[in-house]
Amino acid sequence: MVHCLIRALQLLEHENIEVIPPSVASPDDLLQFHTRSYLDVISKCARGVAVSADTLARHGLEDDCPVFRGLAAHIRLAAGGSNTAARTPHPIAIHWDGGRHHARAGSAAGFCYVNDVALCVQALLATHARVLVLDVDIHHGDAMDSAFREDTRVLPVSIHHASPGFYPGTGAVDEGVWDPTGEGPVAVNVPIGTGCGDKTYCAVVDAVVGPVMERFRPSAVVVVCGADAVYGDPKGAEIARWTVTPAAIVHAVRAVRRELARVAGEQGKLVILGGGGYDHANTARTWANVTAVCLDGVVLPASVPDHTFAMQYAPLLDMAVDAPDPLEQRRRDPYTDRGGQAWWRLARLIDVQVERVPDHRRASDGDERQWATDESYEQVEQVVASQGEAHQRASSSTVQPGATQ
């Protein structure tokens, strides 16, 4: 639905869009973050080797992350797409099939089998001294906090909902504020309670993004653009009673683009990844709007254009999301009040020092190329190549350097 809507809106025909097929992540690529034991389990499952229930549980391959046919290829393509986005020379790169921010080095979690966000950051560190990750998915980007806890070249910033029982149960303000002694985590967590609407959300973005970018001064930014914060999402906004619309997510992306241009100039690199999004129509609306805002001057139509999935947007075939007034749903609670004070406190407390630390990437000893998938490299690359050719045939636009999808 996402890619078909973007195509139906004729965004792929823009002169500054180039469609690049994703690379297939190699075992060595995956070992930059994930452990050998986790990849070995995935390999065994792909080859049909019996794996005990205890082993699957130890690596998070149960409940919301069950093993499925094609899992190994999925991991390589999801990670490969985000790596491709990081390595392309274009100033903006978009990979909507990325943004899987819950996977740990040795286990799957929260529908995420691979942490392509961490791998994308690793790829960016090869050419950028500092990388900021802005996570606007409604769920706290917990794995990103732990992934770069000892690396002051990377600053995860997560704007999310937090309340008792809401997944993943982490992301309080005091978990993330930088400790000037160098002993604490290098992360910024901004939890928001129930009843958040566009006005509140944009106020949070404005209070946090500018000060963080000014003090950290990254030359590359990764945005985890989860759409589960948008009104109607059954696993996010409905539980949190949020009435955020795509306009607020677009506001966050605009703010990042503006601040990145200010602190990094022409050297700035912006990578936009997907994330959560369980109301499929609103997710597609949101990501199409974000794609458009990366193409300066593009104005989307008010209505969803006619295409294969058009009726999935019924009964209102609008590009906008009709959300009620947040005041109708909001209930005051101590967590919301504390969060309100925290936004401004963060702006004063964030003062990240940049210092070189040992690269925590894992060395790949041994012949990891024996790590198997349920599809060979050649088969996967044939599929990717055919998809790329199909994209090129469907678009008659002239390709010029600019935003990349």
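Welcome! Start by selecting helices α9 and α11: they are roughly parallel to each other (an angle under 35 degrees; over 145 counts as roughly antiparallel, 65 to 115 as roughly perpendicular and the rest as oblique). Before going on, note that this is a predicted model, in which local features need pLDDT of at least 70 and side-chain atom pairs count only at pLDDT 80 or more, while totals for chains, interfaces and linings use all residues. Residues are numbered from 1 along each chain as its sequence is written, and side-chain values use heavy atoms, leaving out hydrogens and water.

**Stop 1: α9 and α11**

Helix α9 covers residues 198-216, and α11 covers residues 246-264. Helices here are DSSP runs of H or I with at least four residues, strands are E runs of at least two, and both are numbered from the N terminus. α9 and α11 pack at an angle of about 15°, with their axes 10 Å apart; the axes are lines fitted to C-alpha atoms over the stretch in contact, and angles run from 0 to 180 degrees between N-to-C directions. Their crossing is right-handed, meaning that the near helix is turned clockwise from the far one by less than a right angle; anticlockwise would be left-handed. On the α9 side, select residues including Y201, V205 and M213, and on the α11 side residues including A248, A252 and L260; these belong to the groups that meet, where contact means heavy atoms within 4.5 Å.

**Stop 2: α11 and α12**

Keep α11 on screen and add α12, residues 280-293. These two helices pack at an angle of about 30°, with axes 9 Å apart. That makes α11 roughly parallel to α12. α11 passes α12 in a right-handed crossing. Show P246, I249, V250, V253, R254 and R257 in α11, which meet T286, N289, V290 and V293 in α12.

**Stop 3: strand β3**

Now select residues 131-135, strand β3, where 5 of 5 residues are buried (under 20% relative accessible area with a 1.4 Å probe, protein chains only; exposed is over 50% and partly exposed lies in between). V131, V133 and D135 lie on one side, L132 and L134 on the other, and both faces are covered.

Which strands pair with β3? One is β4, residues 154-161, joined in the parallel sense over 5 bridges; another is β6, residues 220-224, also parallel, with 5 bridges. Pairing requires at least two DSSP bridges between the strands. Look for L132 opposite L155 in β4, and for L134 with its bridge partner V223 in β6. Add helix α7 (residues 142-147) to see β3, α7 and β4 form a right-handed β-α-β unit: with the strands pointing away from you, the path from the first strand over the helix to the second runs clockwise.

**Stop 4: α3**

Move to residues 36-46, helix α3, and highlight its buried residues Y38, L39, V41, I42 and S43. They pack against α2 (27-30), α4 (53-58) and α5 (71-87). After the helix comes G48, with a positive phi near 80°.

**Stop 5: S107**

Where is S107? Look in the loop between β2 (92-95) and α6 (116-124). S107 is buried, with a relative accessible area of 16%. Leaving aside residues up to four places away in sequence, S107 touches Y38, R58, H59 and G60. Its C-alpha atom is 9.7 Å from that of C65, 42 residues apart along the chain.

**Zoom out**

Finally, show the whole protein chain, with its 14 helices and 8 strands. Of its 405 residues, 56% are buried. Among contacts with a separation of 6 or more, 80% come from residues 24 or more positions apart.
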